[in-house]
Every structure is written in C-alpha cells, then in structure tokens.
Amino acid sequence: MTKLKLAALEDDKPVRVSFDLPAEVHRELIAYAEVLGRETSKPVSDPVKLIPHMIRRFMATDRGFA
C-alpha cells in the first residue's frame, strides 16, 4: 500500500485559491450549474462554488488515489 507524503492537516480554515480556467471549461462549468439547478430545483448562484465539491468528488472516486 502506498503511503502519502502528507500528514494530517493542522488548520481546517478555507484557503482562497486563484487560478485561470480555460474559456471552454468555464462555459462547461456554467452549463453544468444550469443542469444541476434544473435537476435539483435550486439554482446555482455562482458556478465557481461547485469547483471544491467537484474536486472532492473526483478525489473520493479516483481508484488510484484511494
């Protein structure tokens, strides 16, 4: 079993990260938020807020990472 190099994180405060999304990815994120809003009947006010949840879901379901 592979052991990760990181230890437990001491601080659980949110961290602001700034990065550039390719225009195509941004358009897809907006479209995803629109579909999610329709499916859940809860409009997504800011599609960027989906990114942490998407990253968390990706890591949780990545078999190589698990």
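Reader: Why is V25 called partly exposed, rather than buried or exposed?

Author: This is a predicted model, and in it V25 has 37% relative accessibility. Buried means under 20% and exposed means over 50%. The value for V25 falls in between, so V25 counts as partly exposed.

Reader: Where is V25 found?

Author: V25 sits in helix α1, which covers residues 23–40.

Reader: What makes V25 part of a nonpolar surface patch?

Author: A patch residue needs over 30% relative accessible area and no salt bridge, and nonpolar side chains are joined within 5 Å. V25 has 37%, so V25 passes the area cut-off. Its partners in the patch are V15, V17, F19 and L21. Together these residues make a patch of about 470 Å².

Reader: Why is S41 called exposed?

Author: The cut-off for exposed is over 50%. S41 has 64% relative accessibility, so S41 counts as exposed. S41 lies in the loop between α1 and α2, and α2 spans 51–61.

Reader: What is notable about the phi of S41?

Author: Phi is positive at S41, about 60°, although S41 is not a glycine. Most residues other than glycine have a negative phi.

Reader: Why does V48 count as partly exposed?

Author: V48 has 42% relative accessibility. That lies between the 20% and 50% limits, so V48 is partly exposed. V48 belongs to the loop between α1 and α2. The C-alpha atoms of V48 and L29 are separated by 7.6 Å, with the two residues 19 apart along the chain.

Reader: What lines the largest pocket?

Author: The lining has 14 residues. Those nearest the centre are V15, V17, I51, P52 and I55. By class, ten lining residues are nonpolar, one is polar and three are charged. The pocket holds about 650 Å³ of space.

Reader: How do you know that space is left there?

Author: Rolling a probe the size of a water molecule over the atoms shows where empty space is left.

Reader: How many residues of the protein are buried?

Author: Buried residues make up 9% of the 66 residues. The protein has two helices and zero strands.

Note on methods
Residues are numbered from 1 along each chain as its sequence is written. This is a predicted model: local features need pLDDT of at least 70, side-chain atom pairs count only at pLDDT 80 or more; totals for chains, interfaces and linings use all residues. Side-chain values use heavy atoms; hydrogens and water are left out. On a 1 Å grid over the protein atoms alone, a cavity is a set of points where a 1.4 Å probe fits but cannot get out, and a pocket is an open set with protein on both sides within 12 Å along at least five of seven lines; lining residues have an atom within 4 Å of a point. Grid points are joined across faces, edges and corners, and a volume is the space filled by probe spheres set on the points. Ala, Val, Leu, Ile, Met, Phe, Trp, Tyr, Cys and Pro count as nonpolar, Asp, Glu, Lys and Arg as charged, and the others, Gly among them, as polar. Patches are made of residues with over 30% relative accessible area and no salt bridge: like charges are joined within 9 Å, nonpolar side chains (Val, Leu, Ile, Met, Phe, Trp, Tyr) within 5 Å. Accessible areas come from the Shrake-Rupley method with a 1.4 Å probe; for residues, only the protein chains shown count as cover. A salt bridge is a side-chain nitrogen of Lys or Arg within 4 Å of a carboxyl oxygen of Asp or Glu. Helices (H or I, at least four residues) and strands (E, at least two) are DSSP runs, numbered from the N terminus. Buried means under 20% relative accessible area, exposed over 50%, partly exposed in between (1.4 Å probe, protein chains only).
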